[in-house]
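Here are my notes on the model, as numbered points. Please read them with the structure open.

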Amino acid sequence: MEFPKENFSGWYNEVVEAAGLVDKRYPVKGMHVWRPYGWKIMGNIDSYFRKIFTEYGHDEVNFPLLVPETEFKKEAEHIRGFEDEVFWVTHGGLDPLDVKLILRPTSETAMYPMFSLWIRSHADLPLKVFQIVNIFRYETKQTRTFIRMREVHFFEAHTVHRTYDEAEEQIQEDIEIWKKIAKKLALPYRIVKKADWDKFPGAVYSLGVETIMPSGRTLQIATFHQYGQNFSRPYGIRYLKEDGTHEYAHQTTFGMSERLLGAIVGIHGDDRGLILPPEIAPIQVVIVPIVGSKKERVLEESKVLYQEIKDSGFNVHLDDRDNYTPGYKFYDWELKGVPLRLEIGPRDLENNQVVLVRRDTGEKISVKREEYLDMISKLLEDIQKNLLSRAEAEMNDKIKYMESIEDAKSFSGVASVNWCGSEECGRLIEEKTDKKIIGSPLDEHRPGRCVICGKETNILAFVAKPY
RNA sequence: GGGGCCGUGGGGUAGCUUGGUUAUCCUACCGGCUUUGGGAGCCGGUGACUCCGGUUCAAAUCCGGGCGGCCCCA
């Protein structure tokens with residue numbers, strides 16, 4: 001690594017390529033190539049999504065990438081929110097299309113015409129589906145790997161309910177699901193309610209899951225939206241109630257993206273490269289044989305270890321490349337963020353032991369052969385917990401309650417200030433701090449006076465520079 | 001939204017002002033021998049001027065545009 005992590009931009013740009021996650025040289029702005037290692041990590045995250053959402057009663061679906069202009073333009077606010085950032089398909093071959101098509105920037109307008117066909121009666125509800133697809137947005141600002149892309153690897157769950165309250169319950173369930181995901185990815189976060197002018201286009205309200213990158217800028221890594229009947233009306237998603245009358249359904253969505261990987265990279269990595277949470281690491285344990293004078297014996301033993309670790313259910317890799325020295329391999333796997341390294345050499349053979357090295361702390365542990373499998377299991381759990389707890393501590397340090405607009409402006413992290421909740425004061429907060437209100441924390445309140453108008457309030461606003 | 005810097009082997013640089021067979025280093029890659037407990041050594045080799053247009057006898061170099069990357073400000 002050429003850049004230290006203090007130079008976060010340089011470090012981040014370097015590590016995503018050096019660790020083998022992506023190749024940014026693809027010649028279209030905001031689009032990169034996922035390389036095998038990066039795609040495996042993303043795949044592990046996706047696999048967990050499939051597992052947990054299925055457990056919560058969602059079914060996986062897959063909708064087309066293209067949406068006709070006529071469907072796209074049914075919900076007024078939604079159009080206004082997205083029309084300046086969609087890619088258009090205007091031609092088939094050389095012929096102009098009668099009905100132009102968009103590349104989905106999100107899938108409401110692709111799904112909801114179909115939902116209106118699928119849903120007839122209350123017995124069809126709730127409908128809970130999700131898909132993992134790529135979406136496209138014509139970003140004009142500078143793009144950044146995983147964080148702001150024109151093609152985005154995207155997860156979206158869509159639900160349809162009979163009543164607003166049932167939709168509200170769904171959002172509570174979404175939060176419950178998110179908490180498990182956050183633990184799996186070892187990501188610290190705060191859930192905020194987005195300001196009214198900042199909600200998803202077409203939503204009644206939006207909740208954002210925010211984390212903080214080492215630069216002090218916030219990153220929105222998941223969203224929950226309450227749509228109420230805002231989409232069901234224009235798309236005609238109605239159901240027949242028990243009493244024989246029709247009613248428009250209430251809907252929600254839960255969205256996440258490759259930004260999660262960006263957060264993992266940024267939050268856990270260090271000067272040596274990535275550090276992956278064991279729960280999603282494609283390789284949890286890498287065996288580096290140090291062959292020395294006993295090449296045959298060491299390699300033979302390495303293979304035995306490999307099989308034992310694999311049989312214990314861990315993702316293990318044996319690095320038996322003989323054109324690289326052990327030192328080279330150490331650096332290489334550290335760069336790739338493998339949580340645990342197992343070294344075995346002549347000395348270990350003699351002492352009937354192996355050496356385990358933690359990626360998160362660098363600690364080296366010699367352990368007897370009889371105990372090493374248990375130790376691997378324990379260390380991986382420790383690393384998972386340690387990554388989360390130290391990231392949480394860092395995040396807490398970056399959020400500070402402030403009583404004045406000036407303090408909020410000069411603070412490099414997230415300033416938490418009292419806000420009366422009015423749009424007028426909110427806009428002024430943003431103007432005077434040169435930052436954004438990323439939202440009001442759901443579970444945090446504090447009595448005080450609005451930093452603009454002085455009105456008493458217990459509402460807080462998180463003020464920060466978002467990505 | 002505004003401003004700036006930049007694009008040369010896989011990676012990093014020099015060459016550009018003043019047009020004339022490009023070059024260099026670490027690194028990467030290929031072959032060979034020796035190596036292996038924190039980025040191995042030696043020898044030999046492969047490999048590039050972002051694209052389009054213009055000016056010119058001649059363009060990496062000058063001019064225009066596109067595409068792409070990065071930084072700063074709002």
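1. Domain spacing. The centres of domain 1 and domain 3, taken over C-alpha atoms, are separated by 28 Å. Their contact draws 15 residues from domain 1 and 17 residues from domain 3. Keep in mind that this is a predicted model.

2. Domain bounds. The assignment splits chain A into three parts: domain 1 covers 8–268, domain 2 covers 283–381, and domain 3 covers 400–464.

3. Buried area. About 1200 Å² is buried between domain 1 and domain 3. Carbon and sulfur atoms give 66% of that area. Which residues of domain 1 lose the most area to domain 3? They are Val 192, Trp 197 and Thr 218. Together they make up 46% of what the domain 1 side buries.

4. Polar links across the interface. The rule finds one salt bridge between domain 1 and domain 3. Glu 444 forms a salt bridge with Arg 190, and the closest N and O atoms are 3.1 Å apart. The count of residue pairs in polar contact between domain 1 and domain 3 is four, with both residues at pLDDT 80 or more.

5. Elements on the domain 1 side. Two strands give two or more residues each to the side that touches domain 3: S9 (190–193) and S10 (205–212). S9 gives the most, with four residues. By residue class, this side of domain 1 holds seven nonpolar, three polar and five charged residues.

6. Surroundings of the RNA. There are 34 residues around RNA strand B. The ones that come nearest are Gln 142, Thr 325, Arg 341, Gly 345 and Arg 347. Of the atoms of RNA strand B within 4 Å of the protein, sugar and phosphate account for 53%. The residues of this surface divide into 12 nonpolar, 10 polar and 12 charged.

7. Elements around the RNA. Which element supplies the largest share of the surface near RNA strand B? H10 does, with six residues. At least two residues each come from helix H1 (8–18), helix H10 (326–335), strand S17 (340–344) and helix H11 (346–351).

8. Base contacts. Backbone and side-chain atoms both appear here. A polar backbone atom of Gly 345 is 3.3 Å from a base oxygen of RNA strand B. For Arg 347, a backbone N or O atom lies 2.6 Å from a base oxygen of the strand. Asp 348 uses its side chain: an N or O atom there is 2.7 Å from a base nitrogen of RNA strand B. These three distances deserve a look in the viewer.

9. A cis peptide. The bond from Leu 125 to Pro 126 is cis, with omega near 0°. Where does Pro 126 lie? It is in the loop between helix H5 (108–118) and strand S7 (127–136).

10. A backbone angle to check. Phe 146 has a positive phi of about 70°, although it is not a glycine. Phe 146 is placed in the loop between S7 and strand S8 (151–161).

Conventions: Residues numbered from 1 in each chain as written. Chains lettered and ligands numbered in written order. Heavy atoms only, no water. Near = heavy atom within 4 Å. Polar contact = N/O pair within 3.5 Å; in protein donor to acceptor, adjacent residues only side chain to side chain. Nonpolar A, V, L, I, M, F, W, Y, C, P; charged D, E, K, R; others polar. Domains from an automatic or database assignment. Contact = heavy atoms within 4.5 Å. Buried area = accessible area lost by both parts, 1.4 Å probe. Salt bridge = Lys/Arg side-chain N within 4 Å of Asp/Glu carboxyl O.
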